[in-house]
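These are my notes from a session with one structure. I set down what I looked up, in the order in which I looked.

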Amino acid sequence: MMQQKRRLLRTGTTVDEMVRALADDIVKGLLPPGEKLDEPKMAERFGVSRTPVREALGQLCAMGLAKRRPNRGCVVATITDQRLTEMFEAMAELESACARLAAQRMTAGERRALSDLHQHSAELVRAGALEDYSAFNMQFHGLIYEGCHSGYLADLVSSTRSRLAPFRRAQFHVLGRLRKSWDEHEAIVTAILRGDAETAALAARSHVIVVSAASAGFVNDRNLSQPQDVSDA
């Protein structure tokens, strides 16, 4: 079992912060499959009442990272390679569709905003700022979702992305991943600015496939280092 110390957050942590912290702990293996997510202990850890803890655990269940068991409460779920692959396959197609439509539909102002944000992120890569780049990454993809001008598609891709968020954050701990991510974004931005819909779609799909491979490595390492939740067999 990994013996890394779990990160504590300040008193009064918000539900979103709790979800992110717990999700990251699950992906990193600090909370292994089958471990009980005890409400009183979670409330003490984050310095909150049990009500926001229940809400956070509900979101983790919706993300597929936890599950409720009779007489056991909420426990960490087992994330299989197949399930993760299926989620990233869906994400790749959704991101591809968004990039294709963004190349066709983005306004001049939206294209400038995307380009400016992307160029600014190069400073984060040079500084090796993992957390800041992770936040930028969400904003970058969000601009493309908005730029596709399809509310329904944007809802679908945002929902899928929220379930994959902790796995996508984990990728940035791979050596050299920040720079490669920026290069992949560069290909997407260049195609969108040119209005090249098909190239933008291919670049976006390729980007997600690479992210999938990097993220899967963390899940595999976690599963190998942790006892398996045989109750799922």
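**Entry 1. Burial and surface.** I began with burial in this predicted model. Of the 233 residues in the protein, 49% are buried. I then took the surface: about 11400 Å² is exposed, and carbon and sulfur atoms supply 54% of that area.

**Entry 2. Elements and contacts.** I counted nine helices and two strands. Read from the N terminus, their order is α-α-α-β-β-α-α-α-α-α-α. For contacts with a separation of 6 or more, I noted that 76% join residues 24 or more positions apart.

**Entry 3. Confidence.** I checked pLDDT before going into detail. The protein averages 86, and 87% of the residues score at least 70. Which helix has the lowest confidence, and which element the highest? Helix α9 (residues 197-225) is lowest with a mean of 79, while α5 is highest at 97. Over residues 1-12 the pLDDT stays under 50, and the model has 29 contacts beyond four places in sequence for this stretch. Residues 227-233 also have a pLDDT below 50, with 11 contacts in the model beyond near neighbours in sequence. Where pLDDT is low, predicted coordinates should not be read in detail, so I left such stretches aside.

**Entry 4. The nonpolar core.** I looked up the largest nonpolar core and found 67 residues in it. Those with the most contacts inside this core are L37, L60, L65, Y133, I144, F167 and I192. Helix α4 (residues 81-105) gives the largest share of the core, 11 residues. Domain 1 (15-78) and domain 2 (81-220) each contribute at least three residues to this core. I followed L60 further: apart from residues up to four places away in sequence, L60 touches V19, L22, A23, L37, L65 and A66.

**Entry 5. Helix α1.** I compared the span of helix α1 (residues 15-28) with expectation. Its 14 residues should span 20 Å at 1.5 Å a residue, and the end C-alpha atoms are 20 Å apart, which agrees. The helix is mostly covered, with 10 of its 14 residues buried. V19, L22 and A23, listed above as contacts of L60, are among the buried residues of α1. So are the acidic pair D24 and D25. After α1 comes G29, with a positive phi near 90°.

**Entry 6. R50 in helix α3.** I located R50 in helix α3 (residues 50-62). Is this residue buried or partly exposed? R50 counts as partly exposed, because its relative accessibility is 40%. R50 touches E39, P40 and A43, residues up to four places away in sequence not being counted. The C-alpha atoms of R50 and P40 are separated by 6.7 Å, and the two residues lie 10 residues apart along the chain.

**Entry 7. Helix α5 and S121.** I turned to helix α5 (residues 108-127), which has 20 residues. From its first C-alpha to its last α5 reaches 30 Å, close to the 28 Å expected at 1.5 Å a residue. Its buried residues are R111, L114, S115, L117, H118, S121, A122, L124 and V125. What covers them includes α4, α6 (130-147) and α8 (177-194). I examined S121 within this helix. S121 counts as buried because its relative accessibility is 0%. Neighbours within four places in sequence aside, S121 is in contact with Y133, F136 and W182. Y133 is also listed with the residues that have the most contacts inside the core. Just after α5, I noted G128 with a positive phi of about 65°.

**Entry 8. Helix α8.** I found 18 residues in α8, reaching 26 Å from the first C-alpha to the last, close to the 26 Å expected at 1.5 Å a residue. Its buried residues include R177, E184 and H185 as well as L178, I188 and V189. W182, a contact of S121, is buried too. G195 follows α8 and has a positive phi, near 75°.

**Entry 9. H149.** Lastly, I looked for a positive phi at a residue other than glycine. H149 has one, of about 55°. I placed H149 in the loop between α6 and α7 (151-170). With a relative accessible area of 42%, H149 is partly exposed.

How values were computed: Residues numbered from 1 in each chain as written. Predicted model: local features only at pLDDT ≥ 70, side-chain atom pairs only at ≥ 80, totals over all residues. Heavy atoms only, no water. Helix = DSSP H or I, 4+ residues; strand = E, 2+ residues; numbered from the N terminus. Buried < 20%, exposed > 50% of the residue type's maximum accessible area, 1.4 Å probe, protein only. Contact = heavy atoms within 4.5 Å. Areas by Shrake-Rupley, 256 points an atom, 1.4 Å probe, with all protein chains shown as cover. Core = buried A, V, L, I, M, F, W, Y, C linked by side-chain atoms within 4.5 Å. Domains from an automatic or database assignment. Expected span 1.5 Å × (residues − 1). pLDDT = per-residue confidence, 0-100.
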